[in-house]
Amino acid sequence: MLDIKKIRDNTIEVQAGLNKRGNYDLGPILALDEKRRKTLTNVEEMKSRQNIVSREIPKYKKEGKDCSEIFAEMKELSTKIKDLDAEVKAFDDEMRYQLLSFPNIPNEHVTVGKDESDNKEVRKWGEPRTFDFEIKAHWDIGVDLDILDFERAVKITGARFSMFKGEGARLQRALINFMLYTHCMEHHYTEISPPFMVNRESMTGTGQLPKFEDDAFHIPSKDFFLVPTAEVPVTNIYRDEILAEEDLPQYFTAYTPCFRQEAGSAGRDTRGLIRNHQFDKVEMVKFVHPDNSYQELEDLTQNAERILQLLEIPYRVVELCTGDLGFSSAKTYDIEVWMPSYNRYVEISSCSNFEDYQARRANIRFRDIESNKTRFLHTLNGSGLAVGRTFAAILENYQQADGTVSVPEKLTHYMWGKTVIGK
RNA sequence: GGAGAGAUGUCUGAGCUGGUUGAAGGAGCACGCCUGGAAAGCGUGUGUACACGUAAGUGUACCGAGGGUUCGAAUCCCUCUCUCUCCGCCA
């Protein structure tokens with residue numbers, strides 16, 4: 001959420017920032033703000049008078065004065081106040097809704113661009129392997145090895161769901177454990193196992209609501225949402241709280257399944273593990289001091305990259321341009337993994353600095369030691385990594401001529417010593 | 001799911017027969033005094049948000065959330081949420 005005071009005082013600057021992302025007009029909200037403050041001043045004066053008179057009444061009563069005239073006047077005032085209060089509340093609600101509908105302003109250094117074609121490759125790691133046999137896509141490898149079963153997943157639930165079996169299920173779990181181990185033991189994150197359903201306030205806090213309600217799976221009986229990413233429950237850990245400055249930074253990592261309705265609507269990647277309604281992900285979330293959130297973003301991105309380095313799978317890092325940036329993000333690096341069957345890099349992680357955008361929505365603050373004032377902190381998060389896509393990348397990059405898949409060395413321990421899947 | 005109790009400031013804990021209560025008392029914390037230093041003791045201070053103001057400051061709101069009654073509500077009424085105890089059910 002943007003700061004209404006900033007919009008008011010630096011309108012031109014904010015408008016310029018929004019223009020980098022699309023068509024947004026600050027006019028209506030400024031008009032609303034103007035009306036709200038006018039009405040507020042008005043009603044507050046009335047309330048002040050109401051308070052003053054109210055304090056006098058006990059004295060009058062003690063003196064045995066007749067108060068009926070005052071009561072009549074105050075009754076009228078009270079009615080006016082009620083009406084104006086309702087007006088202010090209507091302005092507040094409308095303003096909040098509009099404020100929630102503005103995306104974050106991109107960081108000033110982020111390239112201005114239209115769509116993903118304007119994204120900038122930052123670095124590359126590893127060389128895509130050359131195969132001396134006909135390669136298969138991960139869904140064929142998985143089905144042939146009997147470790148993935150898409151048909152039965154469709155029977156059980158429906159399209160865009162998948163089922164892991166035997167060594168497939170084990171590989172999935174191995175990846176989760178390996179990622180959590182690396183982030184906790186090497187990168188010093190604290191593991192969280194959060195609820196997989198969240199309420200409306202949490203979804204609003206991180207920016208999924210109100211604009212993207214259709215993308216989420218909703219439980220009507222409770223008005224809960226299945227988590228689309230662990231970012232939602234974990235970022236909301238500190239919603240409506242004030243932390244001490246010395247408690248910053250805080251790093252959390254969490255495994256959760258992720259549920260997304262939007263997956264599938266695009267009609268792309270209809271086969272395999274790339275785009276499903278349910279997928280597993282290990283997420284990293286940081287709560288940091290505003291002064292060093294950009295260094296924290298660099299570190300976070302490298303924490304995610306580390307997983308692919310240890311698994312020895314080629315990838316590249318891309319900096320998103322303003323047109324491709326997520327709604328709440330000020331700056332984002334995507335990590336893309338090499339996917340042989342696609343013959344290109346495919347997104348496997350997205351690492352973002354939200355600056356104070358989520359913190360303001362979710363009301364997460366810290367107390368500044370020097371001024372003793374509260375300030376919004378900065379939140380960041382990144383996938384570390386999307387497990388389903390990592391699974392797919394392993395099958396494809398580690399496939400062998402005989403149809404089996406060798407297990408990355410770092411994973412064999414988590415695979416109970418297994419070095420080749422399918423043998 | 002049924003019955004009952006409760007939700008107040010950083011914490012504890014009054015107020016709940018409606019009227020200087022942002023909210024007693026205590027603890028904690030900060031600063032000052034005292035001390036060789038510390039403890040104890042004494043004194044002062046100690047929430048958030050919004051509006052107006054260059055500022056000092058002033059005003060308004062907030063006692064789980066939202067409504068209502070009233071000239072006036074932390075205090076009365078209704079709805080919801082959460083917590084605790086007992087019962088039922090259950091991995």
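The following exercises, each with a worked solution, concern local geometry and packing in a predicted model.

Local features need pLDDT of at least 70 and side-chain atom pairs count only at pLDDT 80 or more, while totals for chains, interfaces and linings use all residues. Residues are numbered from 1 along each chain as its sequence is written, chains are lettered from A and ligands numbered from 1 in the order in which they are written, and side-chain values use heavy atoms, with hydrogens and water left out.

**Exercise 1. Helix α10**

Compare the expected span of α10 with the separation of its end C-alpha atoms, and list its buried residues.

Solution.
- Step 1. Helices (H or I, at least four residues) and strands (E, at least two) are DSSP runs, numbered from the N terminus. Helix α10 comprises 19 residues, 293-311.
- Step 2. The expected span of a helix is 1.5 Å times one less than its number of residues. For α10 this gives 27 Å, and the end C-alpha atoms are 28 Å apart, so the two values agree.
- Step 3. Buried denotes under 20% relative accessible area, exposed over 50%, and partly exposed in between (1.4 Å probe, protein chains only). The buried residues of α10 are S293, E296, L297, L300, T301, N303, A304, E305, I307, L308, L310 and L311.
- Step 4. Just after α10, E312 adopts a positive phi of about 55°.

**Exercise 2. The surroundings of T256**

Determine whether T256 is buried or exposed, and identify its contacts beyond four places in sequence.

Solution.
- Step 1. T256 belongs to strand β7, residues 250-259.
- Step 2. Its relative accessible area is 0%, so T256 is buried.
- Step 3. Contact requires heavy atoms within 4.5 Å. With neighbours within four places in sequence set aside, T256 touches P194, F196, V227, T229, A230, F279, D280 and K281.

**Exercise 3. Aromatic pairs**

Characterise the pairs F212 and F327 and Y238 and F287.

Solution.
- Step 1. Rings of Phe, Tyr and Trp (its six-membered ring) pair if their centres lie within 6.5 Å; planes under 30 degrees apart count as stacked, over 60 as edge-to-face and the rest as tilted. The whole structure yields twelve aromatic pairs.
- Step 2. F212 and F327 are edge-to-face, with 5.2 Å between centres and 80° between planes. This pair links distant parts of the chain, 115 residues apart: F212 is in the loop between α8 and β4, and F327 in the loop between β9 and β10.
- Step 3. F212 is partly exposed at 30% relative accessibility, whereas F327 is buried at 14%.
- Step 4. Y238 and F287 are also edge-to-face, with 5.0 Å between centres and 75° between planes. Y238 lies in the loop between α9 and β6 and F287 in strand β8, 49 residues apart.
- Step 5. Y238 is buried at 13% relative accessibility, and F287 is buried at 0%.
- Step 6. Ring pairs join F212, F327 and Y357 into a cluster.

**Exercise 4. Backbone geometry**

Locate the cis peptide bonds L248 to P249 and G384 to L385, and the positive phi values of R160 and E355.

Solution.
- Step 1. The bond joining L248 and P249 is cis, with omega about -5°; P249 is in the loop between β6 and β7.
- Step 2. The bond joining G384 and L385 is cis, with omega about 10°; L385 is in strand β14.
- Step 3. R160, a residue other than glycine, has phi near 70°. R160 lies in the loop between α6 and α7 and is buried at 13% relative accessible area.
- Step 4. E355, likewise a residue other than glycine, has phi near 50°; E355 is in the loop between β11 and α11.
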